[in-house]
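User: I have a model on screen and want to learn how to read it. Can you take me through the features one at a time?

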Number of protein chains: 2
Amino acid sequence: MDPFMQAAIEEARLGLAEGGIPIGSVIVHKGRIIGRGHNRRVQEGSAIKHGEMDAFENAGRQPASVYREAVLYTTLSPCAMCSGAILLYGIPKVVIGENRTFLGEEALLRSRGVELEVRDDAECVRLMEDFIAARPELWNEDIGE
Amino acid sequence: MDPFMQAAIEEARLGLAEGGIPIGSVIVHKGRIIGRGHNRRVQEGSAIKHGEMDAFENAGRQPASVYREAVLYTTLSPCAMCSGAILLYGIPKVVIGENRTFLGEEALLRSRGVELEVRDDAECVRLMEDFIAARPELWNEDIGE
């Protein structure tokens, strides 16, 4: 298994263990994780810290040259907000655990030249299916529904 | 002057006084400010707290029904990330101080049915013109360039 997707899944599991929404993400530059994070809606009462946003925040202030060579891994197809952050910083490639349980703004990202790789990972699907079945109202809140 | 745009400008000035990037935002629901914020790149070393994102964060976890009736005020045309957050939460209307110094994702927002009102406010323009002239490298970092 890809160690970077594995790290994103570990972040998702960590979030679940904290009572949160199990979505994780890492940002990789030149083969090294420079930022990692998970959804913190429950833990911090945050409306903006989706997994990908938390990874951007934890990567800290980076020069444009780093973002332009980075790959973002996320366990779930990125929503409009996270896709917007990917476009703002010019991340050229996104590796997505799965898009069965939620299809984000993949068409928009592709139309702007972002390379997407969808893994259809069984563990990522299971984490979300179990969570959505257990806490549908919390999941709907997280996607603005 | 519209008190809500005035509040967004006050947030921008507050950010400037803190040594930060002068962009502010408020989110209004039924005539009341439910969240306000300003860019915190410098103050918190944040890559995700643009003015609009800070306002979303300070509004806290809100039900979809509140976002769907809210108006977001921002002193500057919203970038891809902030536009994505506006789309995620289904904000129906955005009032923009100015889009001369930076044109964000207005076309995308309009294409998704978001109503935009651009004020071309002289104070908003002046805040950004002065800031970009004084700190061009910091401004470029904030917009991923």
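**Reading the model**

Analyst: Start with enclosed space. Three cavities of 30 Å³ or more are counted in this predicted model.

User: How much space lies in the largest cavity, and which residues are the closest to its centre?

Analyst: The largest cavity holds about 80 Å³. It has 13 lining residues, and B:Ile23, B:His50, B:Glu52, B:Leu76 and B:Ser77 are the closest to the centre. Now look at the elements. In chain B, α3 (51-59) and α8 (136-142) each give at least two residues to this lining. By class, the lining of the largest cavity has seven nonpolar, four polar and two charged residues.

User: What is the volume of the second largest cavity, and which residues line it?

Analyst: Its volume is about 70 Å³. The lining is made by chain A residues, including A:Ile23, A:His50, A:Glu52, A:Leu76, A:Ser77, A:Trp139 and A:Asp142. Two elements of chain A, α3 (51-59) and α8 (136-142), give two or more residues each to it. The split for the second largest cavity is six nonpolar, three polar and two charged.

User: Next, helix α3 of chain A. Is α3(A) enclosed or open to the outside?

Analyst: First, a general point on helices. An α-helix has 3.6 residues a turn, so residues three or four places apart point the same way. Now the case here. α3(A) is largely enclosed by the rest of the structure, because eight of its nine residues are buried. Buried means under 20% relative accessible area. The buried residues are A:Gly51, A:Glu52, A:Met53, A:Asp54, A:Ala55, A:Phe56, A:Glu57 and A:Ala59. Check the end of the helix too. A:Gly60, just after α3(A), has a positive phi of about 75°.

User: Now a single residue. Where does A:Leu72 lie, and is A:Leu72 buried or exposed?

Analyst: A:Leu72 sits in strand β3 of chain A, residues 70-76. Its relative accessible area is 0%, so A:Leu72 counts as buried. Then ask what surrounds it. Beyond its neighbours within four places in sequence, A:Leu72 contacts A:Ser25, A:Val26, A:Ile27, A:Glu52, A:Phe56, A:Ile86, A:Ile91, A:Lys93, A:Val94 and A:Val95. Two of these contacts, A:Glu52 and A:Phe56, are among the buried residues of α3(A).

User: How do I read the interface of the two chains?

Analyst: The size of an interface is often given as the accessible area lost when the parts come together. Here chain A and chain B bury about 2,700 Å² between them, with 58% of it on carbon and sulfur atoms. On the chain A side, A:Ile48, A:Arg61 and A:Leu88 supply 25% of the area buried against chain B, more than any other three residues. Each chain brings 34 residues to the contact.

User: How many salt bridges are found across the interface of chain A and chain B?

Analyst: Four. One salt bridge joins the side chains of B:Arg112 and A:Glu105, at 2.9 Å from N to O.

User: Last, the pockets. Which residues are the closest to the centre of the largest pocket?

Analyst: The largest pocket has about 200 Å³ of space. Of its 14 lining residues, A:Leu87, A:Leu88, B:Ala80, B:Glu105 and B:Ile143 are the closest to its centre. By class, its lining has eight nonpolar, two polar and four charged residues.

User: And what lines the second largest pocket?

Analyst: This pocket has about 170 Å³. Residues from both chains line it, among them A:Cys79, A:Ala80, A:Phe102, A:Glu105, B:Leu87, B:Leu88 and B:Arg112. The salt-bridge partners B:Arg112 and A:Glu105 thus appear again in this lining. Its classes are seven nonpolar, one polar and three charged.

Methods
Residues are numbered from 1 along each chain as its sequence is written. Chains are lettered from A and ligands numbered from 1 in the order in which they are written. Side-chain values use heavy atoms; hydrogens and water are left out. On a 1 Å grid over the protein atoms alone, a cavity is a set of points where a 1.4 Å probe fits but cannot get out, and a pocket is an open set with protein on both sides within 12 Å along at least five of seven lines; lining residues have an atom within 4 Å of a point. Grid points are joined across faces, edges and corners, and a volume is the space filled by probe spheres set on the points. Helices (H or I, at least four residues) and strands (E, at least two) are DSSP runs, numbered from the N terminus. Ala, Val, Leu, Ile, Met, Phe, Trp, Tyr, Cys and Pro count as nonpolar, Asp, Glu, Lys and Arg as charged, and the others, Gly among them, as polar. Buried means under 20% relative accessible area, exposed over 50%, partly exposed in between (1.4 Å probe, protein chains only). Contact means heavy atoms within 4.5 Å. Buried area is the accessible area (1.4 Å probe) that two parts lose on being put together, summed over both.
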